[in-house]
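Here is a report on one protein chain. It starts inside the fold and works outward to the loops and the chain as a whole.

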Amino acid sequence: MSNDSGILFDFDGTLVDSGGAILAAYRRTFEDELGVPLPPELEDVHVLMAPRPIEVFATWSDGDAAELVDAYGRHYVGGAYKHVRPYDGTFDLISELASSGTKFGIVTNKSRKRLLLDLEWVGIDPALLSCIVTADDSVQRKPDPTPIRIGIERSHIDIAGSWYVGDGPQDILAGRAAGVRTAGANYGYYGAELLSPHAPDLSLETPLDALGILTSSLPLH
């Protein structure tokens, strides 16, 4: 990688496993606010990761979706976030990237408040990041490339030679549309079966595999 290149990461399912936290917040919302259990199909974290909370409540409840989104946020920051766990290798990856002087940041569809809480909980210093782009920064969300383009601009990196790493098809689509190379995190929520049809430039089996990006000589798109 050149000095002008960098790596932007998705967060949930890429650097941390937040499935337990998200499930806990949804369960509390359905049980406490609606008096019903979480719908069985939503027990699958893969189903919960793609839609926004307002879409979940609009689809699977007859309550006021906006009010339920607020309640979901309260339950998340009220304690559900304590279920978030960094993947094995995440801290080593961050340490190696920081030591090498590589610019790296986070681009996520998550809200800034919840992201910052997660970072504090797992022990990732936001000061190490070249950018933090959240749902608060753009009305567009992945697979739209806008959030990644914002990350590129804030990180002051060149599109050519830079990368986006994520665990979902929306991440690969967004990265490619933004003009960067893409790496698919097969260990995340979607897996190789759903990622491989979108042909990421690299496939990762652990977070530490992302270090291969530093020496990659793949041709430009």
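## An enclosed strand

Strand 7 spans residues 181–185, and 5 of its 5 residues are buried, so the strand is largely enclosed by the rest of the structure. The model is predicted.

In a regular strand, side chains alternate between the two faces of the sheet. Here Arg181, Ala183 and Ala185 point one way from strand 7. Thr182 and Gly184 point the other way. All of these residues are buried.

## The sheet around it

Which order do the strands take in the open sheet? The order is 5-4-1-6-7-8, with 6 strands and parallel pairing. Strand 5 and strand 8 stand at the edges. Each has a single partner strand, so one side of each is left without a neighbour in the sheet.

Strand 6 runs parallel to strand 7, joined to it by 4 bridges. Tryptophan 163 has arginine 181 as its bridge partner in strand 7. Strand 6 also pairs with strand 1, again in the parallel sense, over 3 bridges. There, tryptophan 163 in strand 6 stands opposite isoleucine 7. Tryptophan 163 thus links to arginine 181 and to isoleucine 7.

## Helix 7 and its cover

An α-helix has 3.6 residues a turn, so residues three or four places apart point the same way. In helix 7, the buried residues are Pro147, Ile148, Ile150, Gly151, Ile152 and Ser155.

What covers them? The cover includes strand 1 (6–9), strand 4 (103–107), strand 5 and strand 6. Helix 8 (169–178) is also among the covering elements.

## Backbone exceptions

Most residues other than glycine have a negative phi, and most peptide bonds are trans. Three sites in this model deserve a look on that score.

The peptide bond between lysine 142 and proline 143 is cis, with omega at about 20 degrees. Proline 143 sits in the loop between strand 5 (132–133) and helix 7 (146–155). At the other end, helix 7 is followed by histidine 156, whose phi is positive, near 60 degrees. Histidine 156 belongs to the loop between helix 7 and strand 6 (163–166). Its relative accessibility is 62%, so histidine 156 counts as exposed; the cut-off is over 50%.

Alanine 199 is not a glycine, yet its phi is positive, at about 50 degrees. The loop that holds alanine 199 runs between helix 9 (191–195) and strand 8 (202–204). Is alanine 199 buried, exposed or partly exposed? At 48% relative accessibility, alanine 199 counts as partly exposed.

## Two buried loop residues

Serine 18 is in the loop between strand 2 (16–17) and helix 1 (19–34). Serine 18 is buried, and its relative accessible area is 0%. Leaving aside neighbours within four places in sequence, serine 18 is in contact with Asp12, Tyr76, Val84, Lys110 and Tyr189.

Tyrosine 87 lies in the loop between strand 3 (85–86) and helix 5 (90–100). Tyrosine 87 is buried too, with a relative accessible area of 16%; buried means under 20%. Beyond its neighbours within four places in sequence, tyrosine 87 contacts Gly13, Thr14, Leu15, Val16 and Asp17, among others. Tyr187, Gly188, Tyr189 and Pro207 are also contacts of tyrosine 87. Tyr189 is a contact of serine 18 and of tyrosine 87.

Tyrosine 87 and threonine 146 are 59 residues apart along the chain. Their C-alpha atoms are separated by 27 Å.

## The chain as a whole

The protein chain comes to 9 helices and 8 strands. Its radius of gyration is 17 Å, close to the 17 Å that the globule rule gives for 221 residues, so the chain is as compact as a globular protein of that length. Along the principal axes, the C-alpha atoms fill a box of roughly 55 × 35 × 30 Å.

Of the 221 residues, 51% count as buried. Among contacts between residues at least 6 apart in sequence, 67% join residues at least 24 apart. The exposed area is about 9800 Å², and carbon and sulfur atoms supply 51% of it. The chain carries 17 positive and 32 negative charges, and the mean positions of the two sets are 4 Å apart.

Notes:
Residues are numbered from 1 along each chain as its sequence is written. This is a predicted model: local features need pLDDT of at least 70, side-chain atom pairs count only at pLDDT 80 or more; totals for chains, interfaces and linings use all residues. Side-chain values use heavy atoms; hydrogens and water are left out. The radius of gyration is taken over C-alpha atoms; the globule rule is 2.2 Å times the number of residues to the power 0.38. Buried means under 20% relative accessible area, exposed over 50%, partly exposed in between (1.4 Å probe, protein chains only). Contact means heavy atoms within 4.5 Å. Accessible areas come from the Shrake-Rupley method with a 1.4 Å probe; for residues, only the protein chains shown count as cover. Lys and Arg count as positive and Asp and Glu as negative; His and the chain ends are not counted. The place of a charge is taken as NZ of Lys, CZ of Arg, CG of Asp or CD of Glu. Two strands pair if DSSP finds at least two bridges between them.
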